[in-house]
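Visitor: Could you walk me through a couple of spots in this protein?
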Amino acid sequence: LRVCNCIPFSTNTTLMEKVYTDGYPNLLLSYQEDLIRYSEYAALAYCSRSSAGLKTGVLEEACNCKLCHGQTKFVEAIYRGIVSAVIFRDEEMKEIILSIKGTTNKKEWVIDGKAYKKKYKWIESGESVCHGCMVHAGFYNAAKVTWKEIVKPLLIPLHNQYKGYSIAIVGHSLGGSIGIFIGNELKSMGRDCRILTFGSPKIGDSHLAQWMDNEWNVEGVSI
């Protein structure tokens, strides 16, 4: 599915039915609708570029993309910074969604290329997160800027305003890698948050992977 002159995302159910095999017959059925819904939000992040014409307001009226539909979905903010992102609000699902786009320009390729290791510290406090955890410096530094310029001034106040809403962090490729750091930070603050990424590169070493498995109580499989 190609939307908004953006990247291709597949929401083909026949294809998705092949994702899970032996041992997980019911897992796909319980998560399939969510995966499709969040993949659409991830795709819409690419429409944050000015050429796509996305604007704030009711999603159905926000742009002429095929995925811009729904009178209970809203574009709350559009961020065109180090890596562009969009904040959506879904009245029906009682959810605020931060969608971060992937690599599309030379500056973002530079972020991808900064693959040297860096000690993982909380963005907000600067304190060490976990013993021995090393992360991809480019993704982590981009996440720090994203936190400072969109999450702290826009997303957190919006979440405070809409009591009872949960937060979903979604992203494709580079956006997914940045989103993992953002999701960790929000969870550490006690925010009701989930992370869903599509094709995101690894962000850290085995120490970080083990810490995240424990922190997020990971029991299933990743796609």
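Guide: What follows covers a helix pair and then two side chains. This is a predicted model, in which local features need pLDDT of at least 70 and side-chain atom pairs count only at pLDDT 80 or more, while totals for chains, interfaces and linings use all residues. Residues are numbered from 1 along each chain as its sequence is written, and side-chain values use heavy atoms, with hydrogens and water left out.

Visitor: At what angle do α5 and α6 pack?
Guide: Helix α5 (residues 137-161) and helix α6 (residues 174-188) pack at about 60 degrees, and their axes are 9 Å apart. That makes α5 oblique to α6, oblique being whatever is left once angles under 35 degrees (roughly parallel), over 145 (roughly antiparallel) and 65 to 115 (roughly perpendicular) are set aside.

Visitor: And which residues of α5 and α6 make the contact?
Guide: Among them are F139, W147 and L155 of α5 together with I178, F181 and E185 of α6, where contact means heavy atoms within 4.5 Å.

Visitor: Switching topic, is Y41 buried or exposed?
Guide: Y41, which lies in helix α2, counts as buried because its relative accessibility is 3% (buried is under 20% relative accessible area, exposed over 50%, partly exposed in between, with a 1.4 Å probe and protein chains only).

Visitor: What is Y41 in contact with?
Guide: Leaving aside neighbours within four places in sequence, Y41 is in contact with K73, F88, D90, I97, S99 and V170. Y41 and F88 are 47 residues apart in sequence, yet 8.3 Å apart in space, C-alpha to C-alpha.

Visitor: What about R37, buried or exposed?
Guide: R37, also placed in helix α2 (residues 27-44), counts as buried at 13% relative accessibility, and outside its neighbours within four places in sequence it is in contact with D90, M93 and E95.

How values were computed. Axes fitted to C-alpha atoms, helices over the stretch in contact; angles between N-to-C directions. Helix = DSSP H or I, 4+ residues; strand = E, 2+ residues; numbered from the N terminus.
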